[in-house]
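Have your viewer ready and follow along from one selection to the next. We will make three stops.

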Amino acid sequence: MRILITGAGGFVGHHLANHLGDSQPTATLCGTTLFREESVSPAIEIARQIDLKEARQARDLLGELAPDVIYHLAAQAFVPRSFDDPWETLENNIRSQLNIIQGCLALDLRPRTVIISSAEIYGAVSPAQLPLDEGTEIRPTNPYSVSKVAQDMLALQFHLSHGLAIMRARPFNHIGPGQNRRFVAPAFAIQIAKIEANRQAPVIYVGNLEAKRDFTDVRDIVRAYKLIAEKGAPGEAYNIASGRASSVGHILNSLLGMTDIEIEVRVDPARLRPVDIPEIRGDAGKLRRDTGWAPRFTLQETLTDVLADCRRRVHSA
């Protein structure tokens with residue numbers, strides 16, 4: 001069996017490759033990166049640096065590898081960046097997926113494909129709508145979520161129009177070791193680690209601490225991706241969520257509780273989003289019913305690993 005992970009050099013790509021390498025040791029893992037400096041997991045046997053926005057490159061890759069399973073992770077996933085340059089995010093996320101789908105059709109390939117959508121597509125919701133299930137109205141509030149709506153609907157359309165075995169994963173917020181420091185948990189943890197190492201004054205800068213999000217460990221997320229690829233129903237969408245909402249302030253306080261240093265907290269206006277939704281919480285009941293998935297990591301365990309990872313990064317810098 002050949003498995004292709006696009007975006008294998010990213011945070012989730014590394015964790016997915018490690019999980020698949022452990023759980024499917026006889027499979028040949030292949031991965032793509034966009035930039036030369038990106039590294040991939042040692043579990044990846046065939047790595048290719050390509051721009052998936054280029055249709056010819058995508059088709060040549062698919063022709064070379066002929067994958068049985070595709071996990072399409074490659075995307076611009078940082079919401080604030082999507083406000084800075086909306087078209088970059090839209091073009092990157094939509095065009096890349098379309099090239100993969102059309103490449104498979106042109107080559108008569110029929111891999112089981114997991115498209116990574118996002119819970120961001122649900123957008124602004126009221127407390128009465130929580131927890132959100134897959135039937136929740138789609139109301140995107142940023143250019144990134146618009147790109148994910150397009151990816152989600154393209155996946156459904158090509159399943160309906162061409163019978164492709166495409167499943168749509170809708171992960172809620174995921175965190176874990178190795179995540180880019182632009183995201184909330186490592187953003188806090190890196191600052192704490194720098195303060196501990198006397199590389200930053202004992203002040204931590206934050207955005208909106210009141211927002212509540214449904215956080216799931218990335219290692220649980222990638223287990224869900226594998227289960228969706230194996231057991232998911234083609235054309236279906238699957239929320240991946242813990243079902244619990246924790247405030248950003250709770251994340252911060254949990255991390256601060258893991259250090260003995262007294263740290264001042266200051267709000268940085270640059271870290272506030274133009275639109276912020278008070279609470280998001282997901283219902284992953286459909287995923288549990290179809291695949292048997294359930295999260296294994298507690299939030300405290302995840303945050304302990306995030307801080308340990310950030311301390312290693314600071315000490316090795």
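In which handedness of crossing does α8 pass α10? The crossing is right-handed (clockwise turn of the near helix from the far one, by less than a right angle).

Before going on, note that this is a predicted model, where local features need pLDDT of at least 70, side-chain atom pairs count only at pLDDT 80 or more, and totals for chains, interfaces and linings use all residues. Numbering starts from 1 along each chain as its sequence is written, and side-chain values use heavy atoms, without hydrogens and water.

**Stop one: α8 and α10.** Select residues 248-256 and residues 299-316; these helices pack at about 60°, with axes 10 Å apart. That angle makes α8 oblique to α10 (neither under 35, nor 65 to 115, nor over 145 degrees). Show H250, I251, S254 and L255 of α8 with L299, Q300, L303 and L307 of α10, which make the contact (heavy atoms within 4.5 Å).

**Stop two: α5.** Now select residues 143-162. The 20 residues of α5 should span 28 Å at 1.5 Å a residue, and the end C-alpha atoms are indeed 28 Å apart. Its buried residues (under 20% relative accessible area, 1.4 Å probe, protein chains only) include Y144, V149, L154 and F158; among the elements covering them are α4 (86-106) and β5 (112-116). At the start of α5, a side-chain oxygen of N142 comes within 3.2 Å of the backbone nitrogen of Y144. After α5 comes G163, with a positive phi near 70°.

**Stop three: S41.** Finally, pick S41 in the loop between β2 (28-33) and β3 (46-49). S41 counts as buried because its relative accessibility is 2%. Its side chain makes a polar contact with that of N18 at 2.5 Å (N or O atoms within 3.5 Å, one able to donate a hydrogen and the other to accept it; residues adjacent in sequence count only if both atoms are side-chain atoms).

How values were computed. Helices (H or I, at least four residues) and strands (E, at least two) are DSSP runs, numbered from the N terminus. The expected span of a helix is 1.5 Å times one less than its number of residues. Buried means under 20% relative accessible area, exposed over 50%, partly exposed in between (1.4 Å probe, protein chains only). Axes are lines fitted to C-alpha atoms, for helices over the stretch in contact, and angles run from 0 to 180 degrees between N-to-C directions.
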